[in-house]
Amino acid sequence: MKNEFYTIIEIKKNIKYFRKIIINFPKSKYILKNNIEEYSLRLLEYTYKANIIKEERLKYQKEIIIILKMLDYYFYLAYQDEIINQDKYLKLAKYLINIYKYIYGWIKSEKSK
């Protein structure tokens, strides 16, 4: 359980960082901004679900992986549209990769039980 709680703490930190970045998105990119905010909150929601609903844990863990991939794509679009610079994009990608590693580690530890 210690690993899961650490993952939730990291996700919450990342959501704060994501929100700081998307606050400066232009109004014309409100859909992209809303999707990033929505998916980052879903990330936290599904992590809680995976942690609590043990019968469907793998399903929620897979959903978390999908959400991470979608967030990565949204940030890539923001980079392509020059809303964020390369340094911010790389920093965001690093955060997503770290969460990705936590989730895969969690999945592996569940399979070994």
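Colleague: What makes R19 partly exposed in this predicted model?

Modeller: R19 has a relative accessible area of 48%. Partly exposed runs between under 20% for buried and over 50% for exposed, so 48% fits that class.

Colleague: And why is E37 called partly exposed?

Modeller: Its relative accessibility is 22%, and buried means under 20%, so E37 counts as partly exposed.

Colleague: How do you know that R19 forms a salt bridge with E37?

Modeller: The closest N and O atoms are 3.0 Å apart. The cut-off is within 4 Å, so the pair passes. R19 lies in helix α1 and E37 in helix α2, so the pair ties together parts that are 18 residues apart in sequence.

Colleague: What makes K29 and D81 a salt bridge?

Modeller: Here the N to O distance is 3.0 Å, and since the rule asks for within 4 Å, this pair counts too. K29 sits in the loop between α1 and α2, and D81 in the loop between α3 and α4, 52 residues apart.

Colleague: What about E45 and K49, where do they lie?

Modeller: Both are in helix α2, 4 residues apart, about one turn of the helix. Their side chains meet in a salt bridge at 3.1 Å, N to O.

Colleague: Why is K20 called exposed?

Modeller: K20 has a relative accessible area of 62%, and exposed means over 50%, so the word fits. K20 is found in helix α1 and belongs to a positive surface patch with K12, K16, K91 and K94.

Colleague: Which helix gives the largest share of that patch?

Modeller: That's α1, with 3 residues.

Terms used:
Residues numbered from 1 in each chain as written. Predicted model: local features only at pLDDT ≥ 70, side-chain atom pairs only at ≥ 80, totals over all residues. Heavy atoms only, no water. Patch = residues over 30% accessible without salt bridge, like charges linked within 9 Å, V, L, I, M, F, W, Y side chains within 5 Å. Areas by Shrake-Rupley, 256 points an atom, 1.4 Å probe, with all protein chains shown as cover. Lys, Arg positive; Asp, Glu negative; His and termini not counted. Charge placed at Lys NZ, Arg CZ, Asp CG, Glu CD. Helix = DSSP H or I, 4+ residues; strand = E, 2+ residues; numbered from the N terminus. Buried < 20%, exposed > 50% of the residue type's maximum accessible area, 1.4 Å probe, protein only.
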